[in-house]
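Subject: Structure for your review

Dear colleague,

Please find below the structure that I am handing over to you. I would be grateful if you could look through it alongside the notes that come after it.

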Protein chains: 2
Amino acid sequence: MEKGYVQVYTGNGKGKTTAAIGLSARAAGAGLKVSFIQFMKGQYTSELESFKKLGIEFYQGGRPEFIIGGPKKEDIEAAEKTLELAKEKVTSGKYDVVVLDEVNVAIYLGLIKEEEVLKLIKEKSSSTELILTGRYATENVMKMADLVTEMKEIKHYFSAGVQERIGIEK
Amino acid sequence: MEKGYVQVYTGNGKGKTTAAIGLSARAAGAGLKVSFIQFMKGQYTSELESFKKLGIEFYQGGRPEFIIGGPKKEDIEAAEKTLELAKEKVTSGKYDVVVLDEVNVAIYLGLIKEEEVLKLIKEKSSSTELILTGRYATENVMKMADLVTEMKEIKHYFSAGVQERIGIEK
(Lines give C-alpha, C1' and ligand atoms only; values in the text may rest on other atoms or scores of the structure.)
Protein backbone atom coordinates (compact mmCIF):
# COMPACT_ATOMS: atom_id res chain seq x y z
CA MET A 1 0.00 0.00 0.00
CA GLU A 2 0.98 3.57 -0.52
CA LYS A 3 0.64 4.57 3.10
CA GLY A 4 -0.30 2.46 6.11
CA TYR A 5 -1.77 3.74 9.36
CA VAL A 6 -2.08 2.46 12.92
CA GLN A 7 -5.51 1.31 14.13
CA VAL A 8 -6.43 0.35 17.70
CA TYR A 9 -9.55 -1.57 18.77
CA THR A 10 -9.96 -1.65 22.52
CA GLY A 11 -12.65 -1.56 25.22
CA ASN A 12 -14.68 -4.15 27.12
CA GLY A 13 -17.20 -4.89 24.36
CA LYS A 14 -17.43 -7.68 21.83
CA GLY A 15 -16.13 -7.12 18.31
CA LYS A 16 -12.43 -6.26 18.63
CA THR A 17 -10.94 -9.48 17.28
CA THR A 18 -13.85 -9.98 14.89
CA ALA A 19 -13.30 -6.46 13.48
CA ALA A 20 -9.65 -7.37 12.89
CA ILE A 21 -10.73 -10.61 11.20
CA GLY A 22 -13.19 -8.66 9.04
CA LEU A 23 -10.54 -6.11 8.14
CA SER A 24 -8.20 -8.95 7.15
CA ALA A 25 -10.89 -10.67 5.05
CA ARG A 26 -11.63 -7.40 3.26
CA ALA A 27 -7.95 -6.71 2.62
CA ALA A 28 -7.40 -10.25 1.31
CA GLY A 29 -10.38 -9.71 -0.98
CA ALA A 30 -8.53 -6.77 -2.51
CA GLY A 31 -5.44 -8.91 -3.02
CA LEU A 32 -3.51 -7.31 -0.16
CA LYS A 33 -0.99 -9.34 1.81
CA VAL A 34 -2.09 -9.91 5.42
CA SER A 35 -0.45 -11.40 8.50
CA PHE A 36 -2.66 -12.11 11.53
CA ILE A 37 -0.69 -12.66 14.74
CA GLN A 38 -2.40 -13.61 17.99
CA PHE A 39 -0.80 -13.09 21.37
CA MET A 40 -1.58 -15.53 24.18
CA LYS A 41 -3.92 -17.69 22.15
CA GLY A 42 -3.36 -21.31 21.26
CA GLN A 43 -6.94 -22.50 21.07
CA TYR A 44 -8.45 -23.61 17.81
CA THR A 45 -10.66 -20.92 16.35
CA SER A 46 -12.99 -21.27 13.40
CA GLU A 47 -11.55 -18.30 11.50
CA LEU A 48 -8.44 -20.39 10.87
CA GLU A 49 -10.19 -22.33 8.11
CA SER A 50 -11.30 -19.10 6.45
CA PHE A 51 -7.82 -17.60 6.73
CA LYS A 52 -6.42 -20.61 4.86
CA LYS A 53 -8.94 -20.17 2.06
CA LEU A 54 -8.19 -16.45 1.82
CA GLY A 55 -4.42 -16.81 1.91
CA ILE A 56 -4.09 -14.89 5.18
CA GLU A 57 -0.99 -15.78 7.19
CA PHE A 58 -1.82 -16.80 10.74
CA TYR A 59 0.31 -17.28 13.82
CA GLN A 60 -0.82 -18.16 17.33
CA GLY A 61 1.68 -17.28 20.03
CA GLY A 62 0.29 -18.91 23.12
CA ARG A 63 -0.63 -22.06 24.91
CA PRO A 64 -3.99 -23.82 24.43
CA GLU A 65 -4.89 -22.91 28.02
CA PHE A 66 -5.91 -19.44 29.08
CA ILE A 67 -3.69 -17.60 31.51
CA ILE A 68 -5.28 -17.93 34.92
CA GLY A 69 -3.76 -16.73 38.16
CA GLY A 70 -0.84 -14.81 36.68
CA PRO A 71 1.40 -15.62 33.70
CA LYS A 72 4.01 -18.37 33.92
CA LYS A 73 7.55 -18.22 32.55
CA GLU A 74 6.47 -20.08 29.41
CA ASP A 75 3.72 -17.52 28.78
CA ILE A 76 6.26 -14.71 28.88
CA GLU A 77 8.62 -16.59 26.58
CA ALA A 78 5.80 -17.31 24.13
CA ALA A 79 4.75 -13.63 24.13
CA GLU A 80 8.33 -12.44 23.59
CA LYS A 81 8.73 -14.84 20.68
CA THR A 82 5.45 -13.58 19.22
CA LEU A 83 6.65 -9.99 19.56
CA GLU A 84 9.88 -10.84 17.75
CA LEU A 85 7.92 -12.35 14.88
CA ALA A 86 5.61 -9.32 14.86
CA LYS A 87 8.59 -6.95 14.60
CA GLU A 88 9.93 -8.89 11.64
CA LYS A 89 6.61 -8.73 9.78
CA VAL A 90 5.82 -5.11 10.65
CA THR A 91 9.20 -3.73 9.62
CA SER A 92 9.75 -5.93 6.54
CA GLY A 93 7.67 -3.84 4.15
CA LYS A 94 6.32 -7.06 2.68
CA TYR A 95 2.86 -6.85 4.26
CA ASP A 96 -0.01 -4.49 3.53
CA VAL A 97 -1.76 -5.36 6.79
CA VAL A 98 -0.40 -6.83 10.04
CA VAL A 99 -2.78 -7.59 12.92
CA LEU A 100 -1.43 -7.94 16.46
CA ASP A 101 -4.44 -9.48 18.14
CA GLU A 102 -4.66 -9.11 21.95
CA VAL A 103 -1.34 -7.28 22.07
CA ASN A 104 -2.86 -4.73 24.47
CA VAL A 105 -3.71 -7.48 26.94
CA ALA A 106 -0.20 -8.92 26.61
CA ILE A 107 1.15 -5.54 27.74
CA TYR A 108 -1.45 -5.27 30.50
CA LEU A 109 -0.53 -8.69 31.90
CA GLY A 110 3.16 -7.81 31.82
CA LEU A 111 4.05 -10.46 29.22
CA ILE A 112 5.72 -7.87 27.02
CA LYS A 113 6.90 -4.34 27.68
CA GLU A 114 4.88 -1.37 26.49
CA GLU A 115 8.06 0.35 25.30
CA GLU A 116 8.83 -2.59 23.01
CA VAL A 117 5.44 -2.21 21.36
CA LEU A 118 5.84 1.57 21.05
CA LYS A 119 9.20 0.94 19.37
CA LEU A 120 7.58 -1.53 16.98
CA ILE A 121 4.92 1.05 16.05
CA LYS A 122 7.61 3.67 15.46
CA GLU A 123 9.67 1.35 13.29
CA LYS A 124 6.81 -0.06 11.25
CA SER A 125 7.12 0.05 7.47
CA SER A 126 5.35 3.13 6.12
CA SER A 127 3.46 0.94 3.64
CA THR A 128 2.01 -1.38 6.31
CA GLU A 129 -1.35 -0.90 8.03
CA LEU A 130 -0.92 -2.01 11.64
CA ILE A 131 -3.91 -3.19 13.70
CA LEU A 132 -3.62 -3.56 17.49
CA THR A 133 -6.46 -5.14 19.44
CA GLY A 134 -7.36 -6.01 23.01
CA ARG A 135 -8.74 -4.41 26.14
CA TYR A 136 -6.66 -2.02 28.21
CA ALA A 137 -4.85 -0.22 25.37
CA THR A 138 -2.40 2.14 27.09
CA GLU A 139 -2.49 5.93 26.71
CA ASN A 140 0.84 5.84 24.87
CA VAL A 141 -0.30 3.23 22.37
CA MET A 142 -3.46 5.25 21.69
CA LYS A 143 -1.40 8.42 21.30
CA MET A 144 0.66 6.79 18.56
CA ALA A 145 -2.40 5.44 16.74
CA ASP A 146 -4.16 7.21 13.87
CA LEU A 147 -7.50 5.57 14.62
CA VAL A 148 -8.81 4.39 17.97
CA THR A 149 -12.18 2.71 18.45
CA GLU A 150 -13.48 1.73 21.85
CA MET A 151 -15.85 -1.24 21.78
CA LYS A 152 -18.17 -0.57 24.67
CA GLU A 153 -20.34 -3.28 26.14
CA ILE A 154 -23.91 -2.06 26.49
CA LYS A 155 -25.52 -5.47 26.91
CA HIS A 156 -24.10 -8.99 26.77
CA TYR A 157 -25.86 -12.34 26.79
CA PHE A 158 -22.92 -13.99 28.52
CA SER A 159 -24.24 -12.47 31.69
CA ALA A 160 -27.30 -14.56 30.91
CA GLY A 161 -25.14 -17.67 30.99
CA VAL A 162 -24.50 -18.41 27.33
CA GLN A 163 -21.51 -20.69 26.63
CA GLU A 164 -19.02 -19.94 23.84
CA ARG A 165 -20.28 -21.42 20.58
CA ILE A 166 -18.14 -22.74 17.74
CA GLY A 167 -18.36 -20.46 14.71
CA ILE A 168 -19.76 -17.56 16.70
CA GLU A 169 -17.53 -16.86 19.69
CA LYS A 170 -14.66 -19.17 18.74
CA MET B 1 -27.29 -23.88 15.31
CA GLU B 2 -29.01 -24.96 18.44
CA LYS B 3 -29.93 -21.47 19.56
CA GLY B 4 -29.33 -18.16 17.84
CA TYR B 5 -29.20 -14.76 19.50
CA VAL B 6 -29.55 -11.15 18.40
CA GLN B 7 -26.43 -8.98 18.26
CA VAL B 8 -26.29 -5.23 17.62
CA TYR B 9 -23.20 -3.23 16.62
CA THR B 10 -23.83 0.49 16.73
CA GLY B 11 -22.10 3.78 17.57
CA ASN B 12 -20.06 6.35 15.66
CA GLY B 13 -16.78 4.41 15.62
CA LYS B 14 -15.14 2.29 12.95
CA GLY B 15 -15.51 -1.49 13.10
CA LYS B 16 -19.25 -2.20 12.92
CA THR B 17 -19.43 -3.61 9.40
CA THR B 18 -15.94 -5.12 9.70
CA ALA B 19 -16.97 -6.92 12.91
CA ALA B 20 -19.96 -8.35 11.03
CA ILE B 21 -17.65 -9.41 8.19
CA GLY B 22 -15.29 -11.03 10.71
CA LEU B 23 -18.14 -12.80 12.42
CA SER B 24 -19.30 -14.11 9.03
CA ALA B 25 -15.80 -15.29 8.10
CA ARG B 26 -15.46 -17.10 11.43
CA ALA B 27 -18.88 -18.74 11.06
CA ALA B 28 -18.12 -19.82 7.49
CA GLY B 29 -14.85 -21.29 8.80
CA ALA B 30 -16.91 -23.50 11.10
CA GLY B 31 -19.09 -24.60 8.18
CA LEU B 32 -22.06 -22.49 9.24
CA LYS B 33 -24.42 -21.06 6.63
CA VAL B 34 -24.24 -17.27 6.42
CA SER B 35 -26.22 -14.61 4.57
CA PHE B 36 -24.83 -11.06 4.53
CA ILE B 37 -27.39 -8.45 3.51
CA GLN B 38 -26.46 -4.80 3.09
CA PHE B 39 -28.99 -2.02 3.19
CA MET B 40 -28.41 1.11 1.09
CA LYS B 41 -25.12 -0.04 -0.37
CA GLY B 42 -24.45 -0.74 -4.01
CA GLN B 43 -20.77 0.12 -4.17
CA TYR B 44 -18.18 -2.52 -4.87
CA THR B 45 -16.44 -3.58 -1.68
CA SER B 46 -13.37 -5.79 -1.43
CA GLU B 47 -14.96 -8.25 1.02
CA LEU B 48 -17.13 -9.48 -1.86
CA GLU B 49 -14.23 -11.50 -3.27
CA SER B 50 -13.61 -13.10 0.11
CA PHE B 51 -17.30 -13.85 0.61
CA LYS B 52 -17.30 -15.73 -2.69
CA LYS B 53 -14.32 -17.82 -1.62
CA LEU B 54 -15.90 -18.58 1.74
CA GLY B 55 -19.34 -19.43 0.38
CA ILE B 56 -21.03 -16.55 2.16
CA GLU B 57 -24.22 -15.34 0.48
CA PHE B 58 -24.16 -11.62 -0.20
CA TYR B 59 -26.85 -9.18 -1.22
CA GLN B 60 -26.54 -5.43 -1.72
CA GLY B 61 -29.82 -3.57 -1.52
CA GLY B 62 -28.96 -0.10 -2.66
CA ARG B 63 -27.77 2.14 -5.43
CA PRO B 64 -24.10 2.69 -6.23
CA GLU B 65 -24.47 6.29 -5.08
CA PHE B 66 -24.70 7.31 -1.45
CA ILE B 67 -27.91 8.91 -0.26
CA ILE B 68 -27.30 12.63 -0.11
CA GLY B 69 -29.89 15.24 0.69
CA GLY B 70 -32.70 12.89 1.72
CA PRO B 71 -33.73 9.51 0.29
CA LYS B 72 -35.49 9.28 -3.06
CA LYS B 73 -38.44 7.04 -3.90
CA GLU B 74 -36.09 4.45 -5.43
CA ASP B 75 -34.05 4.32 -2.21
CA ILE B 76 -37.17 3.52 -0.20
CA GLU B 77 -38.22 0.87 -2.70
CA ALA B 78 -34.76 -0.71 -2.64
CA ALA B 79 -34.73 -0.77 1.17
CA GLU B 80 -38.21 -2.32 1.33
CA LYS B 81 -37.15 -4.99 -1.12
CA THR B 82 -34.05 -5.66 0.98
CA LEU B 83 -36.18 -5.97 4.11
CA GLU B 84 -38.47 -8.46 2.37
CA LEU B 85 -35.46 -10.58 1.44
CA ALA B 86 -34.11 -10.27 4.99
CA LYS B 87 -37.43 -11.49 6.44
CA GLU B 88 -37.33 -14.51 4.17
CA LYS B 89 -33.81 -15.46 5.23
CA VAL B 90 -34.26 -14.74 8.93
CA THR B 91 -37.47 -16.72 9.30
CA SER B 92 -36.55 -19.63 7.00
CA GLY B 93 -34.51 -21.55 9.55
CA LYS B 94 -32.01 -22.33 6.79
CA TYR B 95 -29.30 -19.94 7.99
CA ASP B 96 -27.06 -20.10 11.04
CA VAL B 97 -26.12 -16.43 10.71
CA VAL B 98 -27.87 -13.55 8.98
CA VAL B 99 -26.27 -10.08 8.93
CA LEU B 100 -28.41 -7.00 8.27
CA ASP B 101 -25.68 -4.48 7.63
CA GLU B 102 -26.62 -0.80 8.09
CA VAL B 103 -30.20 -1.70 8.93
CA ASN B 104 -30.12 0.77 11.85
CA VAL B 105 -29.29 3.61 9.47
CA ALA B 106 -32.06 2.51 7.11
CA ILE B 107 -34.51 2.94 10.00
CA TYR B 108 -32.94 6.26 11.01
CA LEU B 109 -33.27 7.66 7.49
CA GLY B 110 -36.91 6.56 7.29
CA LEU B 111 -36.31 4.05 4.49
CA ILE B 112 -37.93 1.27 6.49
CA LYS B 113 -40.15 1.30 9.57
CA GLU B 114 -38.72 0.44 12.97
CA GLU B 115 -41.78 -1.70 13.72
CA GLU B 116 -41.11 -3.83 10.65
CA VAL B 117 -37.60 -4.59 11.93
CA LEU B 118 -38.88 -5.32 15.45
CA LYS B 119 -41.38 -7.75 13.89
CA LEU B 120 -38.57 -9.41 11.95
CA ILE B 121 -36.53 -9.84 15.15
CA LYS B 122 -39.54 -11.33 16.92
CA GLU B 123 -40.23 -13.75 14.09
CA LYS B 124 -36.66 -14.85 13.51
CA SER B 125 -35.95 -18.57 13.47
CA SER B 126 -34.74 -19.68 16.92
CA SER B 127 -31.72 -21.38 15.31
CA THR B 128 -30.51 -18.23 13.51
CA GLU B 129 -28.00 -15.73 14.91
CA LEU B 130 -29.10 -12.29 13.77
CA ILE B 131 -26.60 -9.43 13.47
CA LEU B 132 -27.81 -5.83 13.09
CA THR B 133 -25.30 -3.08 12.37
CA GLY B 134 -25.22 0.66 11.83
CA ARG B 135 -25.22 3.91 13.79
CA TYR B 136 -28.31 5.11 15.54
CA ALA B 137 -29.71 1.78 16.74
CA THR B 138 -33.06 2.58 18.34
CA GLU B 139 -33.86 1.92 22.00
CA ASN B 140 -36.43 -0.69 21.00
CA VAL B 141 -34.00 -2.58 18.75
CA MET B 142 -31.42 -2.60 21.56
CA LYS B 143 -34.04 -3.79 24.04
CA MET B 144 -34.77 -6.81 21.87
CA ALA B 145 -31.08 -7.66 21.41
CA ASP B 146 -29.12 -10.12 23.55
CA LEU B 147 -25.82 -8.38 22.91
CA VAL B 148 -25.19 -4.71 22.16
CA THR B 149 -21.77 -3.22 21.47
CA GLU B 150 -21.26 0.48 20.93
CA MET B 151 -18.28 1.29 18.73
CA LYS B 152 -17.08 4.61 20.04
CA GLU B 153 -14.77 6.83 18.06
CA ILE B 154 -11.87 7.99 20.20
CA LYS B 155 -9.62 9.12 17.36
CA HIS B 156 -9.97 8.94 13.59
CA TYR B 157 -7.46 9.71 10.88
CA PHE B 158 -10.24 10.75 8.50
CA SER B 159 -10.31 14.02 10.35
CA ALA B 160 -6.69 14.25 9.18
CA GLY B 161 -7.91 14.04 5.56
CA VAL B 162 -7.31 10.40 4.64
CA GLN B 163 -9.28 9.15 1.62
CA GLU B 164 -11.02 5.75 1.62
CA ARG B 165 -8.57 3.07 0.51
CA ILE B 166 -9.44 -0.12 -1.39
CA GLY B 167 -8.99 -3.18 0.84
CA ILE B 168 -8.99 -1.13 4.05
CA GLU B 169 -12.06 1.09 4.14
CA LYS B 170 -13.87 -0.35 1.11
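The notes below describe how chain A and chain B meet.

Please bear in mind that this is a predicted model.

Extent of the contact. Chain A contributes 53 residues to the contact, and chain B contributes 53 residues. Between them the two chains bury about 4,200 Å², with 59% of that area on carbon and sulfur atoms. On the side of chain A, the residues that lose the most area to chain B are A:Arg26, A:Lys155 and A:Ile168, which together account for 18% of what that side buries.

Polar and charged pairs. There are 30 residue pairs in polar contact between chain A and chain B, counting pairs with both residues at pLDDT 80 or more. The elements of chain A that each give two or more residues to the side touching chain B are strand 1 (6-10), helix 1 (16-29), helix 2 (47-54), helix 6 (139-144) and strand 6 (147-155). Helix 1 of chain A supplies the largest share of that side, 11 residues. Sorted by class, the side of chain A that touches chain B holds 24 nonpolar, 13 polar and 16 charged residues. The two chains are also linked by four salt bridges. A:Glu129 forms a salt bridge with B:Arg165, in which the closest N and O atoms lie 2.7 Å apart.

Strand pairing. Strand 6 of chain A runs antiparallel to strand 6 (residues 147-155) of chain B, and seven bridges join the two strands. Within strand 6 of chain B, B:Lys152 stands opposite A:Glu150.

With kind regards

How values were computed
Residues are numbered from 1 along each chain as its sequence is written. Chains are lettered from A and ligands numbered from 1 in the order in which they are written. This is a predicted model: local features need pLDDT of at least 70, side-chain atom pairs count only at pLDDT 80 or more; totals for chains, interfaces and linings use all residues. Side-chain values use heavy atoms; hydrogens and water are left out. Contact means heavy atoms within 4.5 Å. Buried area is the accessible area (1.4 Å probe) that two parts lose on being put together, summed over both. A salt bridge is a side-chain nitrogen of Lys or Arg within 4 Å of a carboxyl oxygen of Asp or Glu. A polar contact is a pair of N or O atoms within 3.5 Å; within protein, one must be able to donate a hydrogen and the other to accept it, and residues adjacent in sequence count only if both atoms are side-chain atoms. Helices (H or I, at least four residues) and strands (E, at least two) are DSSP runs, numbered from the N terminus. Ala, Val, Leu, Ile, Met, Phe, Trp, Tyr, Cys and Pro count as nonpolar, Asp, Glu, Lys and Arg as charged, and the others, Gly among them, as polar. Two strands pair if DSSP finds at least two bridges between them.
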